[in-house]
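Biologist: I would like to go through this model with you, one question at a time. Please give the reasoning before each answer.

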Amino acid sequence: MRVMLIVNPFATATSPAGRDALVNTLSAHFPVDVEHTTHRGHAGELGARAVAENYDAVIVHGGDGSVNETVNGLLGPPTHTPPAHLPALAVIPGGSANVFSRTLGIDPDPLQATRQIIDLLDRDSHRRIGLGHSADRWFLFNAGMGMDAIIVHAMEDKRHAGKPATPGRYLWTTIASFLRNAGGTASFTVTAAGHDPRTGVRFAFVSNTSPWTYLGRREIRINPSTGFDTRLGVFAATSTGVLRNLPLATRLLTQRNPKAHHLFRDDDVAWVTFAATEPVDVQMDGDYIGAYTDIRFDHRRDALDVVAPVPSPTA
């Protein structure tokens, strides 16, 4: 078995000692080629190389951004025919949220996850999952326009200033962004397959699975029935007002079915479009990707082979 390990040495929850222990544990079971990322986009370059050089598996030790880059490198642009041979993807969490790996059922502790991945590879425990995508980029768990992307943008600015992306900082950045932008965010139109357009939307998400994110150990599920085996979920709100969103936030935090008069939601649609008259911030998998006036999201079934526990029929 040929295995490439892609390590982001700058990921939030990694350390030199932890990375050495992880590499030693993996290398004791099978040969591993270790590659450290050095710049933005490098994980994607390494993912493409893993395909070209016929690796059997790629293990990513980093946060959700590193995993997203790797997957885009493995698959290439969504408009292209995917390669005939694709390495299986495994993830050892190393970021602050690690939404994708946790949703797959991977242990949040990196060393425990390493042992789990070894066991899964030994048992050939893989599953195929669907992915969401825009015209030029894949996403693993969610994308968002408006307030969500504004928060992600603010968090990236704080990380660049040397502040770690802790759950507490994310929570307070969210609260501050809502208070600061409650009446000032641009609106846009959301159209989902099978539904009439919704105008005046202030923030919206497209989900490829659930939960949408984690607050510490708490799951936040905005589209509870969306999963890796369904199509996309859409969650669009026409208000950023604090008083209107507090009851909705309470329902999300207490894991009740999300509903509100200003909310449009569907957990299984084929495609979603966002259209604005002026550029609005957009994020994918927790990475700010820029401001857009028009963007469309589609879904592809069985797009990626992942090393993960196979869910039970009732899960």
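Biologist: Which elements do the buried residues of α2 pack against?

Modeller: This is a predicted model, and helix α2 covers residues 42-52, where His-42, Ala-43, Gly-44, Leu-46, Gly-47, Ala-50 and Val-51 are buried. Just after α2, Asn-54 takes a positive phi of about 60 degrees. The partners of the buried residues of α2 are three strands and a helix, namely β1 (3-7), β2 (32-36), β3 (57-62) and α3 (64-75).

Biologist: What share of the residues of the protein chain counts as buried?

Modeller: The protein chain holds eight helices and 16 strands. Among its contacts with a separation of 6 or more, 73% are between residues 24 or more positions apart. Of the 315 residues of the chain, the share that counts as buried is 52%.

Biologist: Which residues touch the most other members of the largest nonpolar core?

Modeller: The largest nonpolar core has 48 residues. One of its members, Leu-26, touches Leu-5, Val-32, Ile-59, Ile-92, Thr-114 and Ile-118, when residues up to four places away in sequence are not counted. Apart from this core lies another of 23 residues, which includes Val-190, Phe-264, Val-272 and Val-282. In the largest core, the residues that touch the most other members are Leu-26, Ile-59, Leu-89, Phe-100, Ile-117 and Leu-131.

Biologist: How many residues apart in sequence are the parts that the pair of Phe-188 and Phe-274 ties together?

Modeller: The count of aromatic pairs comes to seven. Phe-188 and Phe-274 form a tilted pair, with 5.5 Å from centre to centre and 55 degrees between the planes, and both residues are buried. Because Phe-188 lies in strand β8 (residues 188-192) and Phe-274 in strand β15 (residues 271-284), the parts tied together are 86 residues apart in sequence.

Biologist: Which residues do ring pairs link into a cluster?

Modeller: Phe-188 and Phe-274, the tilted pair, both belong to this cluster. Ring pairs link them with two further Phe residues, and the cluster as a whole is made up of Phe-139, Phe-188, Phe-274 and Phe-297.

Biologist: Which residue in β9 stands opposite Val-190?

Modeller: β8 is joined by two bridges to strand β9 (residues 198-201), and the two strands run antiparallel. They form a hairpin with five residues between them, and Gly-194 in the turn has a positive phi of about 85 degrees. Opposite Val-190, in β9, stands Arg-198.

Biologist: At what distance from the ring centre of Tyr-214 does Arg-102 lie?

Modeller: There are two arginines to consider here, and Arg-2 lies over the face of Tyr-55 at 4.1 Å from the ring centre. Arg-102 in turn lies over the face of Tyr-214, and the distance from the ring centre is 3.8 Å.

Biologist: How many residues apart in sequence are the parts that Asp-229 and Arg-127 tie together?

Modeller: Asp-229 forms a salt bridge with Arg-127, and their closest N and O atoms are 3.7 Å apart. Since Asp-229 lies in the loop between β12 (218-220) and β13 (232-237), and Arg-127 in strand β5 (residues 126-133), the parts tied together are separated in sequence by 102 residues.

Biologist: Is Arg-127 buried or exposed?

Modeller: Its partner Asp-229 is partly exposed, with a relative accessible area of 47%. Arg-127 has a relative accessibility of 13%, which is under the 20% limit, so Arg-127 counts as buried.

Biologist: How far apart are the closest N and O atoms of Arg-123 and Asp-119?

Modeller: The whole structure has eight salt bridges. Arg-123 counts as exposed at 52% relative accessibility, whereas Asp-119 is partly exposed with a relative accessible area of 35%. In the salt bridge between them, the closest N and O atoms are apart by 2.9 Å.

Biologist: Is Asp-285 buried or exposed?

Modeller: Asp-285 is not a glycine, yet it has a positive phi of about 50 degrees, and its place is in the loop between β15 and β16 (287-307). With a relative accessible area of 2%, Asp-285 is buried.

Terms used: Residues numbered from 1 in each chain as written. Predicted model: local features only at pLDDT ≥ 70, side-chain atom pairs only at ≥ 80, totals over all residues. Heavy atoms only, no water. Core = buried A, V, L, I, M, F, W, Y, C linked by side-chain atoms within 4.5 Å. Buried < 20%, exposed > 50% of the residue type's maximum accessible area, 1.4 Å probe, protein only. Contact = heavy atoms within 4.5 Å. Phe/Tyr/Trp six-rings, centres within 6.5 Å; stacked < 30°, edge-to-face > 60°. Helix = DSSP H or I, 4+ residues; strand = E, 2+ residues; numbered from the N terminus. Lys NZ or Arg CZ within 6 Å of the ring centre and 35° of its normal. Salt bridge = Lys/Arg side-chain N within 4 Å of Asp/Glu carboxyl O. Pairing = 2+ DSSP bridges.
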